[in-house]
Amino acid sequence: MLRLMALLEPLDAGEVIFKGKRIGVDANNRPVRERALARQRSEIGMVFQRFNLFSHLTVMQNVTLAQRLTRKAGAAEAKARAAEMLDRVGLGSHLHHFPSELSGGQQQRVAIARALVLNPSVMLFDEPTSALDPELVNDVLAVMEQLAADGMTMVVVTHEMGFARRVGTDVALFDQGVLVEQAPPEEFFTNPQQERTRNFLRHIH
């Protein structure tokens, strides 16, 4: 679902509506060209399970690269924006480190900063803590929680149920590619309507 929303996979059916407009297709429902797709994707940030950082680039270079390539930002502008976002995720003192010198949680926060520098309207997170040691999870969740508090729209695939309950405005359960149930957090966790949801919650609790 996230890959469809990020325009990384073509739709077989249905549509993606973003800011009131269909994206990924033209007025005749044909896929738009790659250049138009790239423009539309630029407003959608995505953070993957694996950090996908370039190992031969420093933290600063990883975060400035997208600005230089997609926004044609000048070096000074890109560095200033990168420093601002890295400071926002708590890594302002790690600008010249390489990914191998960082913990998994720090690398994931760099990946979040890399998405944020493009000033997206929405952020998509694909199980951003699943590859982390348990003691590193909270650092990443804290950054995401602050993003939510700052008003960022986020779609998060996660098994961190406490985070989903605290931060979410809607919680949905998918099973085998099917949407089973969707509801506000308190209703989802305390009064689920579907037996599949009740089974899921019994297992995680």
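# Pockets and buried side chains in a predicted model

Helix α6, which spans residues 134–149, contains L147. The model is predicted, and the values below are computed from it.

## The surroundings of L147

L147 has a relative accessibility of 1%, and is therefore classed as buried. Apart from its neighbours within four places in sequence, L147 is in contact with R88, I112, L116, F125, M152 and M154. One of these partners, L116, is separated from L147 by 31 residues in sequence, while the C-alpha to C-alpha distance between L147 and L116 is 9.9 Å.

## The aromatic pair

The structure holds 1 aromatic pair. The ring centres of F188 and F189 are 5.1 Å apart and the ring planes meet at 75°, so the arrangement is edge-to-face; planes over 60 degrees apart fall in that class. F188 and F189 are both buried.

## The two largest pockets

The table sets out the volume of each pocket and the composition of its lining.

| Pocket | Volume | Lining residues | Lining by class |
|---|---|---|---|
| Largest pocket | About 1100 Å³ | 30 residues | 20 nonpolar, 7 polar and 3 charged residues |
| Second largest pocket | About 710 Å³ | 23 residues | 14 nonpolar, 5 polar and 4 charged residues |

The largest pocket has a volume of about 1100 Å³. Among its 30 lining residues, V155, V156, V157, D170 and A172 are the closest to the centre. Five elements each contribute at least two residues to this lining: the helices α1 (2–5) and α7 (161–167), and the strands β5 (153–157), β6 (171–175) and β7 (178–183). Strand β5 makes the greatest contribution to the lining of the largest pocket, with 5 residues. V155, V156 and V157, which are among the residues closest to the centre, fall within the range of β5 (153–157).

The second largest pocket encloses about 710 Å³. Of the 23 residues that line the second largest pocket, R41, I44, A66, T70 and L118 lie nearest its centre. Two or more lining residues come from each of the helices α2 (34–41), α3 (59–70) and α5 (104–116), and from strand β3 (44–47). Helix α3 supplies the largest share of the lining of the second largest pocket, namely 5 residues. Both A66 and T70, which are among the residues nearest the centre, fall within the range of α3 (59–70).

How values were computed:
Residues are numbered from 1 along each chain as its sequence is written. This is a predicted model: local features need pLDDT of at least 70, side-chain atom pairs count only at pLDDT 80 or more; totals for chains, interfaces and linings use all residues. Side-chain values use heavy atoms; hydrogens and water are left out. Rings of Phe, Tyr and Trp (its six-membered ring) pair if their centres lie within 6.5 Å; planes under 30 degrees apart count as stacked, over 60 as edge-to-face and the rest as tilted. Buried means under 20% relative accessible area, exposed over 50%, partly exposed in between (1.4 Å probe, protein chains only). On a 1 Å grid over the protein atoms alone, a cavity is a set of points where a 1.4 Å probe fits but cannot get out, and a pocket is an open set with protein on both sides within 12 Å along at least five of seven lines; lining residues have an atom within 4 Å of a point. Grid points are joined across faces, edges and corners, and a volume is the space filled by probe spheres set on the points. Helices (H or I, at least four residues) and strands (E, at least two) are DSSP runs, numbered from the N terminus. Ala, Val, Leu, Ile, Met, Phe, Trp, Tyr, Cys and Pro count as nonpolar, Asp, Glu, Lys and Arg as charged, and the others, Gly among them, as polar. Contact means heavy atoms within 4.5 Å.
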